[in-house]
Amino acid sequence: STQLFNSQNARLLSFDVKTPFRAIGALSICEQTSCELERLTSAEIVAVSGDEMTLIYTDSPRNSIGFFDITDPENAVGIGRLDLVGEPTSVATKGQYALVVIDSSKGAKQRTGELLVVDIPSQSVIASLPLPGQPDSIAVSPDLSYAAVAIENQRSFTVNSGDMPQSPAGMVAVINIMD
């Protein structure tokens, strides 16, 4: 089966691949934090651990990532949330590690980001690496040797009336993750 998030209603949806797009389970992500309507929450980007037993999702409005035990996809269980110092924009995995890129900018003139390495079993940050701008997404190479991070450097609508081009330009950062 395959698991997907529906960010519109913030629920985990599981699909049986033999019958495409038939939901086999759902779990509200707000149950891991608060289902208060005043508190925004969102499951935007998801990744699955190397052993395929844990799903990790970004929650940008709450500057956090969340974890679901998907050992039994029909009965997925929320198993925790990790608060971050910055907005998570994407997540990918390598084995038992989640690679989370966060926007740690302090405004339009100081565009910064970080790559965090999160140990999935302990749900803790074990390493961080500064990035040369605001990250948008991360992907891991098929051989698990490299991560590519798209550095978006979002444009400011207060600079040049929001017109392009704006400095700094975007780029791609390639990071050796063999070790």
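Here is a short tour of this structure, one selection at a time.

Before you click, know that this is a predicted model, where local features need pLDDT of at least 70, side-chain atom pairs count only at pLDDT 80 or more, and totals for chains, interfaces and linings use all residues. Residues are numbered from 1 along each chain as its sequence is written, and side-chain values use heavy atoms, with hydrogens and water left out.

**Stop 1: strand 6.** Select residues 64–69, which make up strand 6. Strands here are DSSP runs of E, at least two residues long, numbered from the N terminus. Five of the six residues in strand 6 are buried, where buried means under 20% relative accessible area, exposed over 50%, and partly exposed in between (1.4 Å probe, protein chains only).

Now add residues 54–59, strand 5, which pairs with strand 6 in the antiparallel sense over six bridges. (Two strands pair if DSSP finds at least two bridges between them.) Look for Tyr-57 standing opposite Gly-66. Four residues sit between the two strands of this hairpin, and Asn-63 in the turn has a positive phi of about 45 degrees.

Next, show strand 7, residues 77–83, another antiparallel partner of strand 6, with six bridges. Here Phe-67 faces Gly-80.

**Stop 2: a salt bridge.** Stay with strand 7, residues 77–83, and show the side chains of Arg-81 and Asp-83, which meet in a salt bridge at 2.7 Å, N to O. The term means a side-chain nitrogen of Lys or Arg within 4 Å of a carboxyl oxygen of Asp or Glu. The structure holds one salt bridge. Are both ends equally open? Asp-83 is exposed at 52% relative accessible area, while Arg-81 is partly exposed at 30%.**Stop 3: a three-strand sheet.** Strands 12, 13 and 14 form an open antiparallel sheet in the order 12-13-14. Strand 12 (135–140) and strand 14 (171–176) each have a single partner strand, so one side of each is left without a neighbour in the sheet. Select residues 146–151 for strand 13, which pairs with strand 12 over five bridges. Across that pairing, Ala-139 has Ala-148 as its bridge partner.

**Stop 4: the largest pocket.** Finish by selecting Lys-94, Tyr-97, Leu-99, Val-117, Ile-126, Asn-176, Ile-177, Met-178 and Asp-179, the lining of the largest pocket. On a 1 Å grid over the protein atoms alone, a pocket is an open set of points where a 1.4 Å probe fits, with protein on both sides within 12 Å along at least five of seven lines; lining residues have an atom within 4 Å of a point.
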